[in-house]
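Me: Please take a close look at one part of this model, the sheet and its turns, and then set it against the rest of the chain. A connected account would suit me better than a list.

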Amino acid sequence: MYGIMWLIICIILVIVEVTTLNLTTIWFAIGGFIAYLTGFVGAGFWGQFFVFVIVSLIMLFFTRPVARRYLNKGRVKTNAESLVGQIAKTTSCLNNREGFGSAVINGQEWSAISSDDKIIIEEGEDVEILEVRGVKLVVRKAIAPWKPEENRK
């Protein structure tokens, strides 16, 4: 009796997943399908509902991160996201307490801040981009692999 309801829910959730591609509703669609199957073994509505909730949550919390990791593997980073991990050169002193600083990468000048408020980075130093916050680069001094004495600091 409740089988049709679970199939309708399953179909609606699959349609939502196909249109959004967020990897969220597919796990609930799977839960709905498993709830549909429990009807064949004699489970009543509350048993089916319990199976739906448990299976959906298990799928969401345990398999979604794995699926995202594999689906995003070949994804090409674009725009500011592609700057993370690259090396820029400071064009002015970075001083978070004074609220100024800039760096240049790929011929573009950006406002920049140090990842550590206590560290002042002088003009002309190489910095590694850790993240992009709005229109500012968050950076730290780049580790120079050719200068082992710098790497020990």
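**The sheet and its turns**

Reply: In this predicted model, the hairpin of E1 and E2 has 4 residues between the strands, and Gly-99 in that hairpin takes a positive phi near 80°. Strand E1 covers residues 87-95 and is joined to E2 by 4 bridges, the two strands running antiparallel. One pair can be picked out at this point: Asn-95 has Phe-100 in E2 as its bridge partner.

The next hairpin is made by E2 and E3, with 2 residues between them. Its turn holds Asn-106, with a positive phi of about 55°. Asn-106 lies in the loop between E3 and strand E2, the latter spanning 100-105. The sign of phi deserves a remark here, since Asn-106 is not a glycine. As a general rule, most residues other than glycine have a negative phi. As for its surroundings, Asn-106 counts as exposed because its relative accessibility is 64%, and the cut-off for exposed is over 50%.

Beyond the turn, E2 and E3 run antiparallel and are joined by 4 bridges. Two residue pairs show how these strands are aligned. Ala-103 stands opposite Trp-110 in E3, and Ser-102 has Ser-111 in E3 as its bridge partner.

Ser-111 also leads across to another strand, as it stands opposite Lys-136 in E5. Ser-111 is thus placed against Ser-102 and against Lys-136. A further pair between these strands is Ala-112 with Leu-137 in E5. Strand E3, residues 108-114, and strand E5, residues 136-141, are joined by 4 bridges and run parallel. The direction of pairing therefore changes along the sheet: E2 with E3 is antiparallel, whereas E3 with E5 is parallel. The pairing as a whole is mixed, and 5 strands close into a barrel in the order E1-E2-E3-E5-E4. Within this sheet, neighbouring strands are turned against each other by 50° on average, with direction ignored.

Now for the rest of the chain. The protein has 4 helices and 5 strands. Along the sequence, these follow the pattern α-α-α-β-β-β-β-β-α.

A helix pair can be described in some detail. Helix H1 takes in residues 3-20 and helix H2 residues 25-38; they pack at an angle of about 165°, with their axes 8 Å apart. H1 and H2 are therefore roughly antiparallel to each other, the cut-off for that term being over 145 degrees. Their crossing is left-handed. On the H1 side, the residues in contact are Gly-3, Trp-6, Leu-7, Cys-10, Leu-13, Val-14, Val-16 and Glu-17. On the H2 side, they are Thr-25, Ile-26, Phe-28, Ala-29, Gly-32, Phe-33, Ala-35 and Tyr-36. The residues of this contact divide into 12 nonpolar, 3 polar and 1 charged.

Two totals complete the account. Of the 153 residues in the protein, 28% are buried. Among contacts between residues at least 6 apart in sequence, 47% join residues at least 24 apart.

Methods
Residues numbered from 1 in each chain as written. Predicted model: local features only at pLDDT ≥ 70, side-chain atom pairs only at ≥ 80, totals over all residues. Heavy atoms only, no water. Pairing = 2+ DSSP bridges. Axes fitted to C-alpha atoms, helices over the stretch in contact; angles between N-to-C directions. Parallel < 35°, antiparallel > 145°, perpendicular 65-115°, else oblique. Left-handed = near helix turned anticlockwise from the far one by under 90°. Contact = heavy atoms within 4.5 Å. Nonpolar A, V, L, I, M, F, W, Y, C, P; charged D, E, K, R; others polar. Buried < 20%, exposed > 50% of the residue type's maximum accessible area, 1.4 Å probe, protein only.
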